[in-house]
Each structure stands twice: as C-alpha cells, then as structure tokens.
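With the model open in your viewer, please follow the stops below in order, selecting the residues as they are named.

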Amino acid sequence: MTLHHLTRATLAATLIASFSHAALAETPADVQVPDGNTIALETVGVGAITYMCETQDDGNMGWVFKGPHAALNDSDGTQVGSYYGPPATWEALDGSKITGTQLATAANGDGNIPLQLVEANPAEGEGAMTGVSYIQRLNTQGGVAPDVACDMDHDGATAVVTYQADYIFWTAE
C-alpha cells in the first residue's frame, strides 16, 4: 500500500513562490542559527518521506518514519543536490556531503513537519558542503505521517508522503 498526499505538481507550482528571505525573518527562536554564521546556500527540498506501519516501542501500531528523499533546488528550480537518509544526509551535485545532529525543532502548523535546526558534522569531500556549520529546515509543507489506518491488518504497509521545505545552509563567518 502506497499513499500520496500531495502531488509533485502541486509542490513544484509553489516552489518558487515559497522560496524567500521572509521565512528567515519569521523563524522561531528555537531554530535560529547562532550569531557568527552567514548563509552559504539556500535551497528548496521537494520530495517525499516514507513511513511504515509497524509496532512501535510502546507496543501500539503506528506509522514509523523510515526516511526522506528529496531534490534540493536553487531559486531557479535547478537541482543542486539531494537530501536522503537515514542518516539524514545533504549531498551537493559535486559529491560533497554532510550529516548532522538535530539541535531543535519548532511546530509549523497541522499537516506540516516541524521546522528544524541541525548542527552539521564536517563535510565529506570538497565542494559546496565544505565548511557548512548549520542547516535550517524552514517553510515546511506536508510530510507528516498519514492519517489512515495502521493496525495489524496493515502491518508492513508503507506510505510515501510528499513534502517541501526550504533548506538553508550556513557557514561560520
């Protein structure tokens, strides 16, 4: 069983409209990047998050996050990288890539995955991801676990939920 909640066409149509510096001005304090950092790269991630119906740690059935896969596009809509996991990995087309540690999240409305602040690990490879200190996920649209049955009759079912988010990459000044 595979579910699609938003179409890629809908996400693509809003891609350019949502890519703006206005999102930075409205960023909750919990996911603000510390002073001493500057924006190195701004992208819009357009993709999907996979969930699986399975028994959770508390013994109840539920949708469990399995990982994202998204294209990272510049403001012109040209792909400049990819985001995938686990572990969460941001990879530029030049082959440089980073992983990181989540520092904070902030709610962003019903039906949207939370905003996020991630501290980057040192980059693998030389290129666009070299020197990245933080990644912010802002302006999220969609991506939450589906609101459909997940019980023993659906054990092992997967749901692929489309989403979009701005990924802002920062470097130390």
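**Starting at the pocket**

Begin with strand S6 (100-106), which gives the most to the lining of the largest pocket, with four residues. Bear in mind throughout that this is a predicted model. Besides S6, the strands S1, S2, S7 and S9 each supply at least two residues of that lining. To place the view, select Phe-65, Tyr-83, Ala-88, Gln-116 and Arg-137, which are the closest to the pocket centre among the 21 residues that line it. The space in this largest pocket comes to about 240 Å³, and, if you colour its lining by class, you should find 14 nonpolar, six polar and one charged residues.

**The nonpolar cores**

Next, select Trp-90, Ile-98, Ile-135, Tyr-163, Tyr-167 and Phe-169, the residues with the most contacts inside the largest nonpolar core, which has 24 residues. Strands S1 (37-55), S2 (61-73), S4 (89-92), S7 (115-120), S8 (132-142) and S9 (158-172) are the elements that give two or more residues to this core, and the largest share, six residues, comes from S9. Apart from this core lies another, of 10 residues, including Val-31, Ala-106, Ile-168 and Trp-170.

Now centre on Tyr-167 and display its surroundings, leaving aside neighbours within four places in sequence. Tyr-167 is in contact with Leu-41, Glu-42, Thr-43, Gly-45, Leu-72, Tyr-83, Trp-90, Ile-135, Gln-136 and Arg-137. Two of these contacts, Tyr-83 and Arg-137, will be familiar from the selection around the pocket centre.

**Along strand S8**

From Tyr-167, move to its contact Gln-136, which is found in strand S8. Is Gln-136 buried or exposed? Gln-136 counts as buried because its relative accessibility is 2%, under the 20% cut-off. Look then for the backbone oxygen of Val-31, which lies 2.7 Å from a polar atom of the side chain of Gln-136; Val-31 itself is among the residues of the core of 10.

Stay in strand S8 and select Asn-139, where phi is near 50°, a positive value in a residue other than glycine. As background, most residues other than glycine have a negative phi. With a relative accessible area of 26%, Asn-139 is partly exposed, whereas Gln-136 in the strand is buried.

**Two cis peptide bonds and a buried glycine**

Go on to the loop between strand S3 (79-84) and S4, where Pro-86 lies and where Pro-87 is also found. The peptide bond from Gly-85 to Pro-86 is cis, with omega near 0°, and the peptide bond from Pro-86 to Pro-87 is cis as well, with omega near -10°. For context, most peptide bonds are trans.

Finish at Gly-67, in strand S2, which is buried, with a relative accessible area of 6%. Which residues is Gly-67 in contact with, leaving aside its neighbours within four places in sequence? The contacts of Gly-67 are Ala-48, Ile-49, Thr-50, Gly-85 and Pro-86, so that selecting them returns you to Gly-85 and Pro-86, the pair joined by a cis peptide bond. A last distance to display is that between the C-alpha atoms of Gly-67 and Ala-88, which are 21 residues apart along the chain and separated by 7.9 Å; Ala-88 is also one of the residues closest to the centre of the largest pocket, where this tour began.

How values were computed. Residues numbered from 1 in each chain as written. Predicted model: local features only at pLDDT ≥ 70, side-chain atom pairs only at ≥ 80, totals over all residues. Heavy atoms only, no water. Core = buried A, V, L, I, M, F, W, Y, C linked by side-chain atoms within 4.5 Å. Buried < 20%, exposed > 50% of the residue type's maximum accessible area, 1.4 Å probe, protein only. Contact = heavy atoms within 4.5 Å. 1 Å grid on protein atoms, 1.4 Å probe; cavity = no way out; pocket = protein on both sides within 12 Å on 5 of 7 lines; lining within 4 Å. Points joined across faces, edges and corners; volume = space filled by probe spheres on them. Nonpolar A, V, L, I, M, F, W, Y, C, P; charged D, E, K, R; others polar. Polar contact = N/O pair within 3.5 Å; in protein donor to acceptor, adjacent residues only side chain to side chain.
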